[in-house]
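Visitor: Please show me the model, and let us test each descriptive term against its definition.

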Amino acid sequence: MYYIDRESLTKNSNAGFSLGLAALLAVFLLLVFSHAPGMTKGKVVGHEFGTAAMIGPLRVPLVRPVYLKAGESLRFEYTATVRSGHLVLNSYFGRNIMEALTADPDAPALSLGVTQDGATRFTAPRSGYYLFWPTIRATGGYRRDCREPYKAFWRALVHEATDCATYNVSYSIRWH
């Protein structure tokens, strides 16, 4: 039989707190060191799969707003596997960080409808903060005849035909 010692429980009760504090400290240091010279200005890695009626993103954004002067440019290096759908990297502009976080998207910095690797440049039309965020669009847009979105999602998962527009995109985008 297994017995729990009450004293050992109270000694280890701070273990979860210290583990959470260590994780928070690691994230904080990652954010601080990402601003060091020579470090990437942003990176997004993800795989998104689903139908137009049902969302299923698996995204790991390491995104932060970037300050650019008018005429200054960023180089985007990307790798995308587009099985169906369309990948768009939207840019959001603001004079300060809060405006960039709450702004409507400007012109896309990158738009892909096929599988490819490459690099491109984004030149800032005005001085301010820019935030870059990926968006996936389903092939064919939303269809009103998509009557059973959950069933269509599972059919798309096993590569069967569905009456819903689908997307299946894996990507890695880095800018500096």
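Visitor: What makes residues in the lining of the second largest pocket nonpolar, polar or charged, and how many fall in each class?

Guide: Ala, Val, Leu, Ile, Met, Phe, Trp, Tyr, Cys and Pro count as nonpolar, Asp, Glu, Lys and Arg as charged, and the others, Gly among them, as polar. By that scheme the lining has five nonpolar, six polar and three charged residues. The model is a predicted one, in which local features need pLDDT of at least 70 and side-chain atom pairs pLDDT 80 or more, while totals for chains, interfaces and linings use all residues. Residues are numbered from 1 along each chain as its sequence is written, and side-chain values use heavy atoms, without hydrogens and water.

Visitor: Why is this space called a pocket?

Guide: On a 1 Å grid over the protein atoms alone, a cavity is a set of points where a 1.4 Å probe fits but cannot get out, whereas a pocket is an open set with protein on both sides within 12 Å along at least five of seven lines. The second largest pocket holds about 200 Å³ of space, a volume being the space filled by probe spheres set on grid points that are joined across faces, edges and corners. Its lining comprises 14 residues, with S84, A156, H159, E160 and T166 the closest to the centre; a lining residue has an atom within 4 Å of a point. Strand 4 (73–84) and strand 9 (166–175) are the elements that give two or more residues to this lining, and strand 9 supplies the largest share, three residues.

Visitor: What counts as a helix or a strand, and how many of each does the protein have?

Guide: Both are DSSP runs numbered from the N terminus: helices are H or I of at least four residues, strands E of at least two. The protein has four helices and nine strands, in the pattern α-α-β-β-β-β-β-α-β-β-β-α-β along the sequence.

Visitor: Why is the pair of Y67 and Y129 called edge-to-face?

Guide: Rings of Phe, Tyr and Trp (its six-membered ring) pair if their centres lie within 6.5 Å; planes under 30 degrees apart count as stacked, over 60 as edge-to-face and the rest as tilted. The count by this rule is eight aromatic pairs. The ring centres of Y67 and Y129 are 5.1 Å apart and their planes stand at 65 degrees, so the pair is edge-to-face. Y67 lies in strand 3 (residues 66–68) and Y129 in strand 8 (residues 128–137), so the pair ties together parts 62 residues apart in sequence.

Visitor: Are Y67 and Y129 buried, partly exposed or exposed?

Guide: Buried means under 20% relative accessible area, exposed over 50%, and partly exposed in between (1.4 Å probe, protein chains only). Y67 has 41% and is therefore partly exposed; Y129, at 24%, is also partly exposed. F122 and F132 form another edge-to-face pair, 5.2 Å centre to centre with 80 degrees between the planes. F122 counts as buried because its relative accessibility is 10%, and F132 is buried at 0%.

Visitor: Which residues does V63 touch?

Guide: Contact means heavy atoms within 4.5 Å. Not counting residues up to four places away in sequence, V63 touches K43, V44, L131, F132, W133 and W175. V63 is found in the loop between strand 2 (57–62) and strand 3, and its relative accessible area of 22% makes V63 partly exposed.
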